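Student: Please take a close look at a single part of this model and describe it in some detail. I would like the geometry given with its numbers.

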Amino acid sequence: MSWTERTNEAWIEALRASGPATTHAEVIADLRDFLRRTLAKGFGQELASEDLEDVVQESLLRLHRKLDTFQERSRFTTWAASIAVNCACSELRRRRFQHLSIEEAGEMVDWSPGDGGSAVDEEQIALLRRGIAEALTERQREAIHAALGGLPLTELARRWDVSQGAVYKLLHDARRRLKGYMETAGGTGAAQARGCVS
Amino acid sequence: MSSKPKASEMLRALLDQTREEEIDCDRFLELVGPLLDECIDDPSLREKLAHHVRQCAECNEELEILRKALDR
């Protein structure tokens, strides 16, 4: 049976090793082949052949660990591909940003106005920066500066040993607070940014 | 000339689209399989997932790679 013909139930049963050992080995080989082809097609030259094998192996381990969480809301192969792509992206981002600290990323934020920036733009930038300083927690400030400096959420998550979703929630809460600050303090904040005293 | 977007432009775009409730990356990664297999019937949930990829560059990148890899 090829991987295209196998049902979700057949994949799960075989991977749980509840069936014959030969079936389990065959399914692992098929899954490895599927992941290798899928990642090669998705990433192309971005994933070198030796790295491809490492990512396939790591993906297989993650799949085994997550097998009980598969709810059969999609094809098993689509679920497996999503885990493998996440695994590969995380590894590529880790390598690309390994020499960039969270602090350095924050220092790389470009707060200059865009081309043809007006006085209004400069006021808005000052207000945004004031909002970040006044309305956010220290952790939120660190995360938003690192993200604006180009550090991926996956890298923040890895370094803080939390999930990507936890970093997203932290930044979402920071955006909500900052948006509220901009909406409520917009008028007076702009005046303060210009140095006006009431 | 640098092509890197200015922080204020990025942040204002993100704030404009910020909602009270948003799907986070963990939930998105749980649902990306059903999304690609067109198994999500709820249009409101599909819209929330679309909103998430507009807000999250990493999930957007992973979705595009998956589409390419799986011919979706």
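Tutor: What follows deals with one arginine at the contact between two chains, and then with an aromatic cluster elsewhere in one of them. The model is predicted, and the values below are computed from it.

The arginine is R175(A), which belongs to helix α9 of chain A, residues 164-193. R175(A) has a relative accessibility of 5%, and because the cut-off for buried is under 20%, R175(A) counts as buried. Leaving out residues up to four places away in sequence, R175(A) touches Y168(A), L14(B), L15(B), T18(B), E22(B) and Q55(B). Two of these contacts can be described further. With E22(B), the side chain of R175(A) forms a salt bridge at 2.9 Å, N to O. With T18(B), the side chains make a polar contact at 2.8 Å.

The setting of R175(A) is the interface of chain B and chain A. There, 46 residues of chain A are in contact with 44 residues of chain B. The two chains bury about 3,800 Å² between them, and 58% of that is on carbon and sulfur atoms. Of the area that chain B buries against chain A, 15% is supplied by L11(B), L15(B) and E58(B), more than by any other three residues. One of these, L15(B), is also touched by R175(A). Between the chains there are seven salt bridges, and 21 residue pairs are in polar contact across the interface, both residues being at pLDDT 80 or more. On the side of chain B that touches chain A, the elements giving two or more residues are α1 (7-16), α2 (25-36), α3 (43-55) and α4 (57-70) of chain B.

The aromatic cluster is made up of W11(A), F70(A), F76(A) and W79(A). The structure holds four aromatic pairs over all chains. One of them is W11(A) with F76(A), stacked at 5.1 Å centre to centre with 20° between the planes. W11(A) lies in helix α1 (residues 8-15) and F76(A) in helix α4 (residues 76-97), both of chain A, so this pair ties together parts that are 65 residues apart in sequence. F76(A) also pairs with W79(A), and this pair is tilted, with 5.7 Å between centres and 50° between planes. F76(A) and W79(A) are three residues apart in helix α4 of chain A, and therefore about one helical turn separates them. F76(A) is buried at 0% relative accessibility, and W79(A) is buried at 10%. W11(A) is buried as well, and R6(A) lies over the face of its ring, 4.7 Å from the ring centre.

Key. Residues are numbered from 1 along each chain as its sequence is written. Chains are lettered from A and ligands numbered from 1 in the order in which they are written. This is a predicted model: local features need pLDDT of at least 70, side-chain atom pairs count only at pLDDT 80 or more; totals for chains, interfaces and linings use all residues. Side-chain values use heavy atoms; hydrogens and water are left out. Rings of Phe, Tyr and Trp (its six-membered ring) pair if their centres lie within 6.5 Å; planes under 30 degrees apart count as stacked, over 60 as edge-to-face and the rest as tilted. Helices (H or I, at least four residues) and strands (E, at least two) are DSSP runs, numbered from the N terminus. Buried means under 20% relative accessible area, exposed over 50%, partly exposed in between (1.4 Å probe, protein chains only). A charge sits over a ring if NZ of Lys or CZ of Arg is within 6 Å of the ring centre and within 35 degrees of the ring normal. A polar contact is a pair of N or O atoms within 3.5 Å; within protein, one must be able to donate a hydrogen and the other to accept it, and residues adjacent in sequence count only if both atoms are side-chain atoms. Contact means heavy atoms within 4.5 Å. Buried area is the accessible area (1.4 Å probe) that two parts lose on being put together, summed over both. A salt bridge is a side-chain nitrogen of Lys or Arg within 4 Å of a carboxyl oxygen of Asp or Glu.
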